[in-house]
Amino acid sequence: MKIAIVGTGYVGLVSGACFAEMGTNVTCVDIDINKIALLRNGTMPIYEPGLEELVKKNVREGRLSFSTELSAVLNEVELVFCAVGTPPGEDGSADLKYVLDVARTVGKYLTQYVVFVTKSTVPVGTARHVKAVIQEELDKRGVDISFDVASNPEFLKEGAAIKDFMTPNRVVVGVESSKARNLMERLYRPFLLNGYPILFMDIPSAEMTKYAANAMLATRISFMNEVANLCERVGADIEMVRKGIGTDDRIGKYFLYAGCGYGGSCFPKDVQALARTGLAYGYKMSLIEAVEEVNNRQKGILFDKLSEIFDGCLQDKVVAVWGLAFKPETDDMRQAPSLVVIDRLWNAGARIQVFDPVAMDEARLNLGDKVTYCTDPYHAVENADALILITEWKQFRLPEWKVIRSRMRGNVIIDGRNIYDAGYLKAEGFRYFGIGKKRE
């Protein structure tokens, strides 16, 4: 079976490599000539554990290739997956420009039946627009060529994307014809053989499933952050509360960790887009809007804590920041809480020393000369008045606290992910501040 995947970001490149690993012949397409050149040379444009090895293996074995022209491979494939970006517009709604550009290309060059599969996260009704654009281009050419559209949303976690793809807890597929369903069943047959469920449904339901899933997870995060902020004020401990509610089978233990807010390419964008979709259909999604509001406020909580500790005077204070990516195991800084914290520190006149195991190059693009880039965690705390942990990379979990205490000028630790033992740090001479913990 031959397929094309348009877009070589997280979704497209991971999907292409994993489908190839299952025996499918895959061509990954991207209009970015430099990116395709890098991929052909074995250089990954993104950091994702295990991806480089998987890509190189399947290129070497002839199942994975790269192209800058969809038209060159369009009529050799049975399925075209669209995995291009859908960035938020000024009003928060998903920008479908790139998706519709792909659809337009398909309509311009199609000569035989194909299924256009939307893998990008798109609002309900996008498949209808895609279908209309393809048909419009076919009509301009005066040709009658059948095609189908389908929705196959991704549920990949950055940092664990390959595992999520190869061992999914479910695969969601929206189709409107038996022919399209049969092709998708053939493609996903290896997953069926391994016992992973494939849920076939109508296309609008598949499109909504992705937004609903991310919005639910984001809601749990914002809910716990709200509870955590109240815990601090009433003298409760959010970690005890988390265990207390997480053992309830009706609630479960996942996504109940308080912290300094969520970021990345999915949750912020998808929550906004779902709220805007509601408005477009005359329905105000008050809960979803509140989730976004809470998260935006939570991203500033670490700065607020630090400002309070130093009585609002951060001018020339040296602040070490550990972790810049929005989560561990990725270099992605899109909508990362670190960007908000560092921007506010910089505006307050603080001197900022940063370290992230993977995201330093990305940080230079986002932060410029606002910060000092350090070679390791201990370099970052040199002469620091305070240390802020933002991203809970494993190497930050058990540092040499005596070394840190000897290198720091001050003794303030702000734990944005609640990974440290407050009692131990206090015994080592630090002033510890977490999220949702009892205040000093």
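Biologist: What makes H12 and H13 a contacting pair in this predicted model?

Modeller: Contact needs heavy atoms within 4.5 Å. On that test, Val-271, Gln-272, Leu-274, Ala-275, Arg-276 and Leu-279 in H12 meet Ile-288, Glu-289, Val-291 and Glu-292 in H13. So the pair counts as being in contact.

Biologist: How many residues of that contact are nonpolar, polar and charged?

Modeller: Six are nonpolar, one is polar and three are charged. Gln-272 is in the contact. Gln is not on the nonpolar or charged lists, so it counts as polar. Arg-276, Glu-289 and Glu-292 belong to the contact too. Arg and Glu are on the charged list, so these residues count as charged.

Biologist: What word fits the angle between H12 and H13?

Modeller: H12 covers residues 267–280 and H13 covers residues 286–298. Their axes lie 9 Å apart, at an angle of about 150°. Angles over 145 degrees count as roughly antiparallel, so that is the term for this pair. The crossing of H12 past H13 is left-handed.

Biologist: Why are two values quoted for a helix pair?

Modeller: Because two packed helices are described by the angle between their axes and the distance between the axes.

Biologist: Why is H10 called roughly perpendicular to H12?

Modeller: H10 runs over residues 203–234. The axes of H10 and H12 come within 9 Å and cross at roughly 115°. The range for roughly perpendicular is 65 to 115 degrees, so H10 is roughly perpendicular to H12. H10 passes H12 in a left-handed crossing.

Biologist: Which residues make the contact between H10 and H12?

Modeller: From H10 come Met-208, Lys-210, Tyr-211, Asn-214, Ala-215, Leu-217, Ala-218 and Ile-221. H12 supplies Phe-267, Asp-270, Val-271, Ala-273 and Leu-274. They divide into 10 nonpolar, one polar and two charged.

Biologist: Why is H10 called oblique to H11?

Modeller: H11 covers residues 238–246, and its axis comes within 9 Å of the axis of H10, crossing at roughly 135°. That angle is outside 65 to 115 degrees, and it is not over 145 or under 35, so H10 is oblique to H11. The crossing is right-handed.

Biologist: Which residues meet there?

Modeller: Met-224, Val-227, Ala-228 and Cys-231 of H10 meet Ile-238, Val-241, Arg-242 and Ile-245 of H11. Seven are nonpolar, none is polar and one is charged.

Biologist: Where is the residue that UniProt marks as "active site"?

Modeller: The unreviewed entry puts that annotation on Cys-266. Cys-266 is in the loop between H11 and H12. Leaving out residues up to four places away in sequence, Cys-266 touches Glu-154, Asn-214 and Val-271.

Biologist: How do you know where the residues Phe-155 to Lys-327 of a "binding site" lie relative to one another?

Modeller: UniProt's unreviewed entry lists Phe-155, Leu-156, Lys-157, Glu-158, Lys-210, Phe-255, Leu-256, Tyr-257, Ala-258, Gly-259, Gly-263 and Lys-327. They span 173 residues, and the farthest two C-alpha atoms are 23.8 Å apart, so they do not all gather at one spot. Leu-156 and Glu-158 are in the lining of the second largest pocket.

Biologist: What does Phe-155 touch?

Modeller: Phe-155 lies in the loop between strand S6 (148–151) and helix H7 (161–166). Beyond four places in sequence, Phe-155 touches Asp-164, Arg-170, Val-172, Thr-209, Lys-210 and Ala-213. Lys-157 also sits between S6 and H7.

Biologist: Which residues of the other "binding site" record line the second largest pocket?

Modeller: That unreviewed UniProt record names Asp-30, Lys-35, Thr-86, Thr-121, Glu-158, Lys-269 and Arg-334. They reach up to 24.1 Å between C-alpha atoms, over 305 residues of sequence. The pocket lining takes in Asp-30, Lys-35, Thr-86, Thr-121, Glu-158, Lys-269 and Arg-334. Asp-30 is in the loop between strand S2 (25–29) and helix H2 (33–40).

Definitions and conventions:
Residues numbered from 1 in each chain as written. Predicted model: local features only at pLDDT ≥ 70, side-chain atom pairs only at ≥ 80, totals over all residues. Heavy atoms only, no water. Axes fitted to C-alpha atoms, helices over the stretch in contact; angles between N-to-C directions. Helix = DSSP H or I, 4+ residues; strand = E, 2+ residues; numbered from the N terminus. Left-handed = near helix turned anticlockwise from the far one by under 90°. UniProt positions renumbered as here; feature names shortened; annotations may be inferred. 1 Å grid on protein atoms, 1.4 Å probe; cavity = no way out; pocket = protein on both sides within 12 Å on 5 of 7 lines; lining within 4 Å.
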